[in-house]
Structures are given as structure tokens and as C-alpha cells.
Amino acid sequence: MTTATARKTSAGGASGGASKPASKPDTASDSPAELLGADLVVRALEAQGVTTLFGYPGGAIMPIYDALTRSNLTHILARHEQGAVFAAEGYARASGKVGVCMATSGPGATNLITGLANAFLDSVPIVAVTGQVPQAMMGTDAFQEVDVFGLTMPVVKHSFIIRDIADIPSVFARAFAIAREGRPGPVLIDIPKDITQTSTPALALDGPTQSNPRAAASDHLSEAEALLRASKKPLLYVGGGVRIAGAVRALRTFAGRCGIPSVTTLNGIGAIPTDDPMHLGMLGMHGLKAANLAVQTCDLLICAGARFDDRATGKLAEFAPEARVIHLDIDNAEISKLRRADVGLTGGLLANLYALEPGPLDIKEWTTSIAALKSEHAWRYDAPGEGVYAPKLLKDLSERAGDDLIIACDVGQHQMWVAQHCRFRRPEAHLTSGGLGAMGFGLPAAIGAKFARPDATVVCVSGDGSIMMNIQELATLNRYGVGVKIVLLDNSMLGLVRQWQDLFFGGNRSEVDLSDNPDFVKVAEAFGLTAFAVERREDVDAGLKRLLATDGPVLMHVKIDSTENVWPLVPPGAANHDMMDGAADTDGMP
Amino acid sequence: MTDTATDTTRRLALTLTTAEGALVRTLGTIERRGWRMSNLRCTPIDADSQALELDVTPRDPSRNADVLKRQVERLIDVTSLEIQNTKTATTEPTP
């Protein structure tokens, strides 16, 4: 294992490059006749191409942590298991590889669950390895025994308990294949301690497999092409599945060849460059007005790798009311789950997008109206007041940082502002907790992304509520000198909850006041980070410049107006064309 | 079929592996997707597979049995699934 305690090792720290112990313990050789189960586990990880994993040790997984010191794996010690699993997700999303995390039994394992649920809902390929009490003690309420296999069943794609040391190679090979192939997702491997402490003759280990999903049946493709040719107002509705399938180029080729305008989901942002003239931005609850209006008036919706999530559709019965639907998805179970598809194209998105060739479309009138719609509802950044206007700051940040920027968001108002206002040209550049909406995702996800892409500019955009959910990971930043740049937008409030209380609960503000927040600059400095504050609008430019120029981990604390809202907003239960859009909707509100 | 069966009750016939958790995972998926279960019968086929038959009734009548079929089919431990003995209406075909 590469040394975990060496500061500034491999993720953008000053010195760079992971260091290794001077010599490995002599308890293992390269090809010993007998191996401990724990050593077989780390070798199985290596055989799958794993180089970096995130975790936290404890009793039941100690044999594996012991074996890690005899491996070439780089283990990143998070300061909470939730930090480890979110970091593995950030690593997976930024690298396109399977992310790996590790925890002990009992509380270590339960602390992974939020991250597993997040990976399940956003289809992120991760393998989580948990230690378990010895098999003889399972079912006896032993110390730190919890049925993590049972607890996590609803939030994993699959899971295993290893009952026989001889199964380690096949279980790991299957786990990685399941996590990666088809619709990706999290896989849990629970390993009782007696398995990792048992010896076995060396066993053959399988390397990673690869699958290339094929296109849908040709008659279905023909039906889709016929719908496209008949359409006068087609619209692409793009989700995270496009990025996952590696089909970004295929999507852009298809959209460009046909001239079809597009909208994206939260997780689809960047699949089409946000500044593309025929791209209208994110749809849904906090979607752009032009995007929602286009969806409501299109006559054909081509849904690519999205799942008609309620935050995207609003009132489902009134979503895209005039549209027929072509639904492309690797997951057959998503077709017609919520909105009936006129044509379902299962199989590989990449293959299907390249296979669709409807020929020239007669949609000039539609694209002209789309351009007008986009122009009519363009963002304005001339906000009144003298305080820092977060949307403008985020827009400037994304434009100033260049195309090798990765933004990992937390959850709340700032998350929506990032989705609305930042410029993205790659979907891998936008890491967000979409399906689960898990506060605390941003910082550890940024750490994972920086380990995956050390040369990228990785920024965590967080809020004063979210940052406190995993603030202990500032210690991880410092420990490894991870060059993550944190923009902390502080409104001393749980802003999105406050906004909803103001709008939908008669202004009854219940438990949203965070004015007793700590001094975040001092907190960051106490963890060893560079930190500074920006409080005035005229200081934003200098602040961004300093943020981007600072080597190593840095936090920029930005005080923003606690009454600022996210607009537009589709109220819960309303159709997407019923958007509230600001001052006119808040008359009389506190 | 018991008297709890309704027009929307369907009979599922599955083949599962005998992997640890296969049965619980399958039943849990059906329940979480909004279906009540009754008349369950699980019988071994051989060392590696088992047969499961059960009736399912949606808690919300808008739930589509064909969608449930595809949600269960994607479980790693489910090797086959057929919808049998539908009481009245047929299931909607996959587009």
C-alpha cells in the first residue's frame, strides 16, 4: 500500500506522486504458496485494475487492512465512512472506472448506506467491501454485528456474502462486472472475518471484463425513425445515461445531424455543451423557463438515458402533453415505467444513437422558435443590491476556470444555481447528487474526483448547511494535500427549505436558521487549509482569481443574502409550464 | 387464487438461483415496487436453482405488471419470469 500518512501525495498536492513504503513486510512474497483470504481480496482488487480505494478501518476488516500494507493499492483514509463512499463515487464519475470503498462491520457498514443509495439512484458503479463478524458469530447479535447484506438490499444492484475463501476470485470478478455493465450501480461484498483470516493455496484471478451493448432491433429503430420524420417539433431530453454509456459524441453527432434542440436533466448537464445555440438547459422543478416551455410544446420527445424523474417532469399527467415519446435506455425496466413510450429502444445508447438515421427533418420553423425562446428567457445577471450574487459568481467561476474544470456540488440552492448558471462542456465535469439529493456529497466527491483526475481543476461548491454534513473530510484534504478548491456559499440558512417554507408553508420558518454557524475560515485554517472570505460583490473577481491560483486545498467563504431564492420554481404538484419566476410570486412573503 | 385476488392480480412464476439472499431480494423488490404478495410457494429445482410462484396485486391500480416483470427480471438472481393465470386483463406489451 502506498503510504497513507504522507502529506501531499497524489492528488494535486505540491510534491505530487504517491510514495511507497521502503520495503514490504516479509509476511508475503509475490507468489506465495499459501495466501490469507485478506491477501486474496487485495489481489482480486488489483486484478480488476483498482489502484485507489477509499475507506476506514475497524475490527472486522482489520485482516484486509493488514493485507493492504502488502499491496500496491493506494488507500485513502476518509474521516467517516460516508466520506469514503462519496469519494469513491466522485472517483468513479470523474474517471469512468469502478470506485471502491471499504468499511468495517456494524457502524462502519451502516455509515456507507447513504452513499450506496446515492450510487444506486444515480447509477454509479462502485464496489463496497465490508468486514463482517466471523461466520460462527453471525446471527448472535455479536459486537458490531449488523446485517448489512439485508440492510442494503434495496439500494444495491447486487450483493454478496463470501462464505468460502475459494469464492473470493469469482465474487470479485462478478461484482466488478455487475457494477460496471448494463445500467451501472453499487455492489456490496460482505466478508466475514474468518474468511479473511483463513489460508488458501493461491487461486487464479480474473481481470476486468468488457461489454459492448448492441443496438435495439431494427424494426424498433425504423419505428423511431418514422416518428422522427413525421415530427415538426422534436426535442431531445438528455439524462445521465448518455455520459454513463460513453455516448456523448454519438449524442452530439445525432443532434447535430438532425438539428434537434435539447434539454437535459440535472445529471445530463454537459452532455450537450451548455452554450450550444440549440440547447435550452435543464428542465424540471428548477429548470430553465425556455427548457420547460419547449418540453410542453414539443410533439416528439426523444428521451436518451433519462427516467422521467418527478423533479424533471413535474405533474406527470401534464408533462409534454402533445408529445409522442421515443425512449432510449440500457435498462429495459425504465421503458414505460412512468410515461408510456411510443417506441422503446433498449440496448446500448451508443449503438442506438449511431444507428438512428431518420434523414433530413423539416423542423426549421421549430428551431427558429427555439432560438427565439432561448433568447427571450436568457438569464440576467444585473441583480439589485450590493451583496454577492451567487449565480453570477458561479457563472464567472466556470468561465474563468477553463474546460478542465470539475465541479462537485452539495445539495441545496447552490446546487441548483450551479446547474442553471455554470458553463459545462463535458458531463463528467458536473458531479451532483441527483436522485438522492444527499447533502454532504460535495466535498468527499470532489476529493474522489481529484484523485481520479489530479490535473483537473476540481471545485467543490457547497453551502453552509451541506458542508457541515461531511466537514471532517477537510482533514482528508489536508492529510493528502488534495488540491480541491471549495467555494462555500453561506447564507446562514438552510436556503432551499427556507424558500419552500416561505412559499408553501406561510412563511413559518422552522429550524432553518443557521446563524450560529462557526467561523468557516477559522475552521478551515484549523484543518490546515488556506482560507479567506469574500463579502462584497466587488471582491468576487479577486477572490476567484486567488482561489484558482492557490496551490493545494483552499476554501473561499462567500457571504450571500439569506433571502435569495432559486428561480424559476415549479411548485410541487404543478405542471412544468406553471413556473413561479421571482418577485411577482413572492409578494407578501417574508 | 384466494378471495383477495382482484382483476389486477397476476400470478408470477420465477426461477431463481439459490444464492444467499435471492429469495428475499426478489420478494423485497416486488413489495417495494408497490405490489401485495400472496400464495407464495418456493420449491427447489436442483442445487443451483429454485422455483418461486406467487400472486401479486398492485396497491395502486395504475401499476403495470409488465413494468414489474422487467424490474424483477433485472435482478441478478432471477433467471426466468413468466406472468401466468392473469384473471382478466392482459398485461401491456413492451413497446
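**Close-up 1. Packing of helix α3 (residues 81–95) against helix α5 (residues 113–121) in chain A of the predicted model.** The two helices pack at an angle of about 20°, with their axes 8 Å apart, where axes are lines fitted to C-alpha atoms, for helices over the stretch in contact, and angles run from 0 to 180 degrees between N-to-C directions. Helices (H or I, at least four residues) and strands (E, at least two) are DSSP runs, numbered from the N terminus. Because angles under 35 degrees count as roughly parallel, over 145 as roughly antiparallel, 65 to 115 as roughly perpendicular and the rest as oblique, α3(A) and α5(A) are described as roughly parallel to each other. On the α3(A) side the contact (heavy atoms within 4.5 Å) is made by Q82(A), V85(A), F86(A) and E89(A), and on the α5(A) side by T114(A), G115(A), L116(A), N118(A) and A119(A). These residues divide into four nonpolar, four polar and one charged, with Ala, Val, Leu, Ile, Met, Phe, Trp, Tyr, Cys and Pro counted as nonpolar, Asp, Glu, Lys and Arg as charged, and the others, Gly among them, as polar.

Residues are numbered from 1 along each chain as its sequence is written, and chains are lettered from A and ligands numbered from 1 in the order in which they are written. In this predicted model local features need pLDDT of at least 70 and side-chain atom pairs count only at pLDDT 80 or more, whereas totals for chains, interfaces and linings use all residues; side-chain values use heavy atoms, with hydrogens and water left out.

**Close-up 2. The interface of chain A and chain B, where 23 residues of chain A are in contact with 13 residues of chain B.** The two chains bury about 1,600 Å² between them, 53% of it on carbon and sulfur atoms; buried area is the accessible area (1.4 Å probe) that two parts lose on being put together, summed over both. M153(A), H158(A) and A333(A) supply 31% of the area that chain A buries against chain B, more than any other three residues. Two salt bridges are found across the interface, each defined as a side-chain nitrogen of Lys or Arg within 4 Å of a carboxyl oxygen of Asp or Glu; R74(B) forms a salt bridge with D331(A), the closest N and O atoms being 2.2 Å apart.

**Close-up 3. The cis peptide bond from W567(A) to P568(A) and the positive phi of D141(A).** Most residues other than glycine have a negative phi, and most peptide bonds are trans. The bond from W567(A) to P568(A) has omega near -5°, and P568(A) is placed in the segment after β20 (554–559) of chain A. Phi of D141(A) is near 60°, and D141(A) is found in the loop between β5 (126–132) and α6 (148–151) of chain A.

**Close-up 4. Surroundings of D513(A), in the loop between α20 (495–504) and α21 (520–526) of chain A.** A polar atom of the D513(A) side chain lies 2.8 Å from the backbone nitrogen of S515(A). Leaving aside neighbours within four places in sequence, D513(A) is in contact with S492(A) and M493(A).

**Close-up 5. Surroundings of T17(B), in strand β1 (residues 10–17) of chain B.** The side chain of T17(B) reaches the backbone nitrogen of A19(B) at 3.2 Å. Not counting residues up to four places away in sequence, T17(B) touches A22(B), D48(B), S49(B), Q50(B), D77(B) and T79(B).

Notes:
Polar contact = N/O pair within 3.5 Å; in protein donor to acceptor, adjacent residues only side chain to side chain.
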